[in-house]
Amino acid sequence: MSTGSRGRSVRVLISVFAVAGVLVATGCGSNGENADGTPTSTASNSATPTTSGPRTPASTVVTVADMTFSPADITIAAGDTVTWKFSDRVPHSVQGIGDAAMGINSPILTKGEWSYTFTVPGTYRYLCPLHPEMKGTVTVE
Ligand SMILES: [Cu+2]
C-alpha cells in the first residue's frame, strides 16, 4: 500500500543526486581553468602570526641535475627568491607555464644559476622546454 509513496521518494532522491552531479561537474570545470597556470589565490587567510618586524626575504635553491628539478614542488613567501642551480651534462632551462608565470624564463644553461623573485601570491608551474617531462611548481603564499 505504501509502494506509491516509496516510489516517489526514490524519484526525489534520484533528482537530488542529479543536481549534486551537476554541481560536481561545474566544480571540475572551474578547476580545469586553473590548470592553465592561473594563480590560485590563497590570500583569504590572514597572515600567520610571526615575530615582530618585517620579514627578511628568503632564498630557496632548486637543483637542476639528472634531468630533474629538485625539489620539484616548493612553497615560498611573497618576496622570496628562487635560484635554480644547473649542474647536468645536458642543457636545461626554466620556463613558466601560463600567463601568470610568463616572467619565468631562464636562458638555456648546463652550468651556472638563474634566479627569479616571486612577488605575487599564487601557484606557478614551470617546465624545461627541452625536456617537457621535467616539471616543477612554485607556490607563493
Ligand atoms: Cu631539460
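Biologist: In this predicted model, in which sense do strand β1 and β2 pair, and over how many bridges?

Modeller: Strand β1, residues 59-65, runs antiparallel to β2, and three bridges join the two. Within β2, phenylalanine 69 has valine 64 opposite.

Biologist: Which sheet holds these strands, and what is the strand order?

Modeller: The order is β2-β1-β4-β6, an open sheet of four strands with mixed pairing. At its edges stand β2 and β6 (109-117), each of which pairs on one side only. From one strand to the next, the twist averages 20 degrees.

Biologist: How should a pair of aromatic rings be read, and which values describe the pair?

Modeller: In general, two values describe such a pair: the distance of the centres and the angle of the planes. The structure holds six aromatic pairs. One of them joins phenylalanine 69 and tyrosine 126, edge-to-face, at 4.8 Å centre to centre with 75 degrees between the planes.

Biologist: Where in the chain do phenylalanine 69 and tyrosine 126 lie?

Modeller: Phenylalanine 69 lies in strand β2 (residues 68-70) and tyrosine 126 in strand β7 (residues 122-128); the pair links distant parts of the chain, 57 residues apart.

Biologist: Why is phenylalanine 69 classed as it is, buried or exposed?

Modeller: Phenylalanine 69 counts as buried because its relative accessible area is 2%, under the limit of 20%. Tyrosine 126 is also buried, at 1%.

Biologist: What arrangement do tryptophan 114 and tyrosine 116 form?

Modeller: Their rings are stacked, 6.0 Å centre to centre and 25 degrees between the planes. Tryptophan 114 is buried at 16%, whereas tyrosine 116, at 24%, is partly exposed. Ring pairs link a cluster that includes Phe69, Trp114, Tyr116 and Tyr126.

Definitions and conventions. Residues are numbered from 1 along each chain as its sequence is written. This is a predicted model: local features need pLDDT of at least 70, side-chain atom pairs count only at pLDDT 80 or more; totals for chains, interfaces and linings use all residues. Side-chain values use heavy atoms; hydrogens and water are left out. Rings of Phe, Tyr and Trp (its six-membered ring) pair if their centres lie within 6.5 Å; planes under 30 degrees apart count as stacked, over 60 as edge-to-face and the rest as tilted. Buried means under 20% relative accessible area, exposed over 50%, partly exposed in between (1.4 Å probe, protein chains only). Two strands pair if DSSP finds at least two bridges between them. Axes are lines fitted to C-alpha atoms, for helices over the stretch in contact, and angles run from 0 to 180 degrees between N-to-C directions.
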